[in-house]
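I opened this notebook to record what I looked up in the structure and in what order. The entries follow my path through the structure, beginning with one lysine.

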Amino acid sequence: MISSRNGNVLDVEDARCESFLFVLAMLARLTNPPENIIMENVKGFETSEACRQMRDVLRKQGYRFKEYLLSPIHFGIPNSRLRYYLTAWRDPADKSELPKELPPDELSEDSVKTVIDAGTTYSELDLRQFLHPSVEIEHSAPPSLLIPLDILAKYLMVLDIKFPTSTTTNCFTSGYGRYFKGTGSMFCPLPEHMVNDSWL
């Protein structure tokens with residue numbers, strides 16, 4: 001990982017980047033490098049010095065590559081987790097079929113943008129499609145999973161509460177359960193209108 005959502009963006013000066021730079025150095029020296037490379041990283045990596053060095057090594061080793069910023073929500077999965085992806089290959093054969101499993105507007109090497117345009121449509125699924133139908137969550141959740149009423153009353157307006165009909169959720173962070181704003185979604189099995197009528 002080169003950077004984190006709330007942490008320092010130290011780029012190549014980050015100690016966590018050492019292993020990545022080591023792999024790049026090894027790749028640059030290989031006389032028979034792998035034909036294909038797939039890579040994932042956090043959003044923001046695409047503008048980093050580490051990414052620039054990676055692109056240089058890939059080009060020098062004869063790779064062609066495509067870069068994407070993708071989130072599960074782009075494929076109808078109700079979770080927002082934008083990430084950087086790269087696919088690289090050395091095979092000189094035409095790879096025009098490569099992005100067929102991805103959205104249609106693949107990115108160029110030198111211009112990384114979100115691959116989904118505002119007008120792109122996809123099949124939305126809500127959380128009901130992912131909940132086990134035999135479990136009545138509101139009656140069976142252990143107390144350790146419930147938000148105390150005093151906490152709920154204090155932080156209700158900053159909680160990211162999702163309902164069975166919600167079509168998005170946000171990814172968890174290391175502060176989930178300790179902090180209540182921006183650390184991940186909370187699930188409420190009750191209908192949204194019932195909560196709005198009672199609390200808001």
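**Entry 1, a lysine and its partner.** I began with K162, which at 12% relative accessibility counts as buried, because the cut-off for that label is under 20%. I then looked for a partner of opposite charge and found that K162 forms a salt bridge with D160, the closest N and O atoms being 3.3 Å apart. I note here that I am working from a predicted model, and that the count of salt bridges in it comes to 7.

**Entry 2, the overall layout.** I went back to the whole chain and found 5 helices and 5 strands, which run α-β-α-β-β-α-α-β-β-α from the N terminus on. Of the 200 residues, 33% count as buried, and the protein exposes about 13,000 Å², with carbon and sulfur atoms supplying 55% of that area. When I considered the contacts with a separation of 6 or more, I found that residues 24 or more positions apart account for 66% of them.

**Entry 3, the nonpolar cores.** I next asked which residues have the most contacts inside the largest nonpolar core. This core has 17 residues, and the ones I was looking for are F20, F45, M54, L58, Y84 and L86. I traced the core to its elements and saw that α1 (18–29), α2 (49–60), β2 (64–70) and β3 (83–89) each supply at least two of its residues, while the largest share, 5 residues, comes from α2. I followed L58 in particular: leaving aside its neighbours within four places in sequence, L58 is in contact with L27, I37, Y63, F65, L86 and A88. There is also a second, separate core of 5 residues, among them L152, L156, F180 and M186.

**Entry 4, salt bridges in α2.** I returned to helix α2 for its charged side chains and found E49, R52, D56 and R59 linked in a network of salt bridges. I looked up two of the pairs. The side chains of D56 and R52 meet at 2.6 Å, N to O, and because these residues are 4 apart in the helix, about one helical turn separates them. R59 and D56 meet in a salt bridge at 3.9 Å, N to O, and both lie in α2, 3 residues apart, which is about one turn of the helix. Are these side chains buried or exposed? I found each of the three to be partly exposed, with relative accessibilities of 27% for D56, 39% for R52 and 33% for R59.

**Entry 5, a serine before α2.** I then checked S48, whose place is in the loop between β1 (36–42) and α2. At 9% relative accessibility S48 counts as buried, so I looked for polar partners of its side chain. I found that this side chain reaches the backbone oxygen of F45 at 2.7 Å, and that a polar atom of the S48 side chain lies 3.0 Å from the backbone nitrogen of C51. I had already listed F45 among the residues with the most contacts inside the largest nonpolar core.

**Entry 6, a nonpolar patch on the surface.** Finally I turned to the surface, where F75, I77, L125 and F130 make a nonpolar patch of about 340 Å². Of these I looked up L125, which lies in the loop between β3 and α3 (137–140) and at 30% relative accessibility counts as partly exposed.

Terms used
Residues are numbered from 1 along each chain as its sequence is written. This is a predicted model: local features need pLDDT of at least 70, side-chain atom pairs count only at pLDDT 80 or more; totals for chains, interfaces and linings use all residues. Side-chain values use heavy atoms; hydrogens and water are left out. Buried means under 20% relative accessible area, exposed over 50%, partly exposed in between (1.4 Å probe, protein chains only). Contact means heavy atoms within 4.5 Å. Accessible areas come from the Shrake-Rupley method with a 1.4 Å probe; for residues, only the protein chains shown count as cover. A nonpolar core is a set of buried Ala, Val, Leu, Ile, Met, Phe, Trp, Tyr and Cys residues joined through side-chain atoms within 4.5 Å. Patches are made of residues with over 30% relative accessible area and no salt bridge: like charges are joined within 9 Å, nonpolar side chains (Val, Leu, Ile, Met, Phe, Trp, Tyr) within 5 Å. A polar contact is a pair of N or O atoms within 3.5 Å; within protein, one must be able to donate a hydrogen and the other to accept it, and residues adjacent in sequence count only if both atoms are side-chain atoms.
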